[in-house]
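Trainee: I have some questions about this protein, and I would like to go through them with you. Could we look at it together?

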Amino acid sequence: MYYYHNYDQINGICSTKKVNRLSRYIYPLSSTDIISTNHHISNQLWNNGRTFTTTYPNSIEISSKQYERIYNNDPLDLSNPLDSFPRRHLGPAPKDVQSMLKQMGFNDLESFIKAVIPSNILNNDTTDSPLDFDLKASTSSSNVGFSEQEMLKHLTNLANKNNYKIKNFIGKGYYNTIVPPVIQRNLLECPEWYTSYTPYQPEISQGRLESLLNFQTVISDLTGLPIANASLLDEGTAAAEAMLLAFNLTKKKKFKFIVDKNVHKQTKSVLRTRAKPFNIELIEIDSVSDFENAKYIIKENGNDLIGCFVQYPDTNGSILSEEKLKQLAELTHGGGNVSKAPSQLFIVASDLMALTLLKPPGQLGADIVLGSSQRFGVPMGFGGPHAAFFSVIDKLNRKIPGRIVGVSKDRLGNPALRLALQTREQHIKRDKATSNICTAQALLANIAANYCVYHGPEGLQNIAKRIYGMTTVLAQHINSSKCEHSVINESWFDTLTIKLNENVTNSKKFLEKALNEFSMNLFMSDSQTISLSLDEATTEDDLSNLILLFSKEKTIAPDSNFASKLPEFPLDNLRTEPFLINPVFNKYHSETAMLRYLHHLQTRDLSLANSMIPLGSCTMKLNSTVEMMPITWPQFTNIHPFQPSSQTKGYQEMFTNLEKDLCNITGFDAISLQPNSGASGEYTGLRVIKTYLESQGQPHRNVCLIPISAHGTNPASAAMCGLKTVSVNCLNDGSLDLNDLKLKAEKYKDELAAVMITYPSTYGLFGPSVQEAFDIVHENGGQVYLDGANMNAQVGLTSPGFLGADVCHLNLHKTFAIPHGGGGPAGAPICVRSHLKPFLPGHDVVKMITSGGSDDPSRTIDSVSSAPYGNALVLPISYAYIRMMGSKGLPYSSVIAILNANYMMSRLQEYYKILFINGSSSFKHCGHEFIVDLREYKEHGIEAIDIAKRLQDYGFHAPTLAFPVPGTLMVEPTESENLEELDRFIESMISIKNEIDLFMKGDPRGKVLKMSPHSMEDIINGEDWEQRGYTREFAAYPLPFLKVNKFWPVTTRLDDIYGDTHLHCTCPSVEEMEAKWREES
């Protein structure tokens, strides 16, 4: 029996009516609103004379026989392509599936899944599948999805609907760039780079860590500030992080933040989004047009001021002088000493290419400098992903958001890199966090860093000088008698803002002329003002066409030869100090040298190209080559996010299809593709809930219930939304304590806004009472947020909508095959019920091009990321994954993920305790992941970290360490691993258990655990082997397979404490650091 709920907005009462089938929860809508769905079967329920449409997800066949049909290809059936995708994505062959089932006492996948997933959770309707995707281009009659070649053809057709040949001079934070082919082929398109995980295990991550340290050095040198992080999500969110850093620095006692009018419009929108939950007032100044008034406003608000934020160069191209920047900084600081950590911060958004010529903001009083590194070799890609940069004064080094790569040393005393100051991160600080950042844009930061390595400081300056020179030539021409218009900004680097002669034309006509006659896009500021930005890809022909566009004459006179000598950057703004002087930026400028350097870095990292990465809660599945191919096609990469919608029909069609597919999979009605990380998705979902409640006259609802097992981003995201978090207990068997939930929901019934629940749980369990938990929250006036971190165990078997949730976010970099990229990019759309649709985020600069989100701009929340569709360039990956798996193949991603996890667990149970799954527990099976409990060994001197490090000697990245329970390892194999790889990991864990036993018996061979991992240098040059009690072979080759194929840890175990107490976050002189450490040793 299920329940139908109707919430009485006026009286705050939720009435309940029993129904025979699980229905959707009904929320107050207008009398004409109907809650629609994407599923086939619907049923009307009547309440108080109003009609609502409810729907039910439908089952899909998940038998072993069906798996064999999907997996195998019939060579005699022309309707069944031989290059079908499921057999490439799913690891175990049908015969291996049966062997694995036999190991666990089952003979069919269907009976196995019914034993794992509670009957009220599993979709067991007998009608057709709800995953009925439109696959008209597929030749497959069995609807298993596009074949690989069909997918490439389909994507090509979509891509060609984008007008990618138009030259974009739109600017506004997005620029054409030239990706060096050596970097495109050997980094962006290289699985050793894009399939690795965040470098939390530094001994097998030294390549990426070195590259990210290079990135930090670039940022620190160019901005003139000593500490930089390893990237943030985009420029808008970086600005918001800076504002909140400044806000928290005042202990949340000051509430006014000054923003210059000339900051990018999309950045201001994100600032408004982040400011609202904390009642931060954004006060606008115009430092270009009215500098004296800007100074007055800063002075007048000084007592309640958080900080001041300006752009340099600004969105219209103007560059504030050194004197004016220093004045603004001094006024913001209240006349204090800039070298000390001020209570009011002067924050500057800047442009890295411009900073190769401009004086660095750090020398002019800036406390924080931020921006986008996109134009350092990262394609526009319709707005992302791009790596934001963020640097601070030294006094803020423990306040800076995001990850920081620092220099430490290993057991042998050798210099080595690691992620520093990790105690700042949200998964540790939880609701006390000042940021909910959970990832970065590591892959894009690595591209930008290596762009700088390849070009070097001189090459970068040459690019910048040419950009400035061409911009100046164009400005001089527009201001000459040969044109009828005038440049507004008196200074510039690459951007000109032009006032059009109203007697001649207007902005709309002028942009049409640029498009129709010269195939160019410019930016319309208002009816008589336009702007344009030149960049690295601007050619002599482009400059000629721009001059012709603005000229009175229709041809350029022969004497207009501007290419012989371009103007030079003015001395009064020119930086004088050198930058990027470290050897790495001055030695790899030939392609051969660069190729070898990139290869050197990638060989120092373990990725999916080496072995399974069984990280629990991370879903390190296959990122297939077919899925990845389109992200470097010019039809997708060359598109500016602010291009007219008529030129982006391919993206529009793909987004529309993807939105329908994701709504279909989740059982929801609407979606936003804008959030660009998991934490961003959480934040967006909670903000949508809060805004909805405010629209219902319930702004007082501000309590968010969160289970104690939740990932740290949950309470951190709630805190960022201004919500008060209340913890809910879990029972000893890992299930949610419904009594505690009910007690707290009723206690806070007048303030309850939401509950955040992960399903399957963070412990990897399919709890049977999740719907009852949702009922409790709804009955007490709250909304249900389902964290989609574990969605890979749900697809096609159940759904958040079926379970009764109101909103969920989807980790596209987990469930839907976007690669982790060594720590980003990510993607996290949120899916919602129809009553929340009007509040999905919009965009200030352009209109959204799909209808999956809000259709009421007056009710949307402001932007949550800079670009309207977030990390748009990687969305074809998820789209291709869904369309190639098809409606019959997708459920097997979840089925095989669950099978692989339970098979591994069943084999390891003989050797290790499995948390929450034992004789006294109600759980007999795990979901798609399980937790190995190692806490019993601590009293004997063995800790979970020793097993994690020893696994590196076996060629594996460790499972998730100490989360969600300290002293444990959480294992998630995913559906992409075959039986051979599963067995290889199992054999390694069994071998390590034997080593644990040796240690506990006092056998010296057990010491291998405490000394792990063992680098090649340690094996060859170690001088203490006679005292260790175990042999070199025992350390390096504990199992036979390692003699054939072994990934070597680059370093021995790192010293975490040393790295944090001797913080060094830019490229050091290796000789200097090594001499220092040797001396200390």
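Mentor: Gladly! Let us begin with a term: contact means heavy atoms within 4.5 Å. This is a predicted model, where local features need pLDDT of at least 70, side-chain atom pairs count only at pLDDT 80 or more, and totals for chains, interfaces and linings use all residues. Residues are numbered from 1 along each chain as its sequence is written, and side-chain values use heavy atoms, with hydrogens and water left out.

Trainee: Among contacts between residues at least 6 apart in sequence, what share joins residues at least 24 apart?

Mentor: Here we set aside pairs that are under 6 apart in sequence. Among the contacts that remain, the share joining residues at least 24 apart is 74%.

Trainee: Is Lys295 buried or exposed?

Mentor: Buried means under 20% relative accessible area, exposed over 50%, and partly exposed in between, with a 1.4 Å probe and protein chains only. Lys295 has a relative accessible area of 17%, so Lys295 is buried.

Trainee: Beyond its neighbours within four places in sequence, which residues is Lys295 in contact with?

Mentor: Lys295 belongs to helix H11, residues 291–300. Helices (H or I, at least four residues) and strands (E, at least two) are DSSP runs, numbered from the N terminus. With the neighbours within four places left aside, the contacts of Lys295 are Gln327, Leu328 and Leu331.

Trainee: Which strands stand at the edges of the open sheet of four strands?

Mentor: Two strands pair if DSSP finds at least two bridges between them. The order in this sheet is E27-E28-E30-E29, with antiparallel pairing. An edge strand has a single partner, so one side is left without a neighbour in the sheet; that holds for E27 (913–914) and E29 (960–961).

Trainee: Which residue in E30 stands opposite Asp933?

Mentor: Strand E28 (residues 930–933) runs antiparallel to strand E30 (residues 968–971), and four bridges join them. Opposite Asp933 in E30 stands Thr968.

Trainee: How many disulfides are there?

Mentor: A disulfide is a covalent bond between the sulfur atoms of two cysteines. The rule applied here asks for a pair of cysteine sulfur atoms within 2.5 Å. By this rule the count is zero.

Trainee: Which cysteine has the sulfur nearest to that of Cys831?

Mentor: Cys831 is in no disulfide, and at 0% relative accessibility Cys831 is buried. The nearest cysteine sulfur is 4.9 Å away, and it belongs to Cys808.
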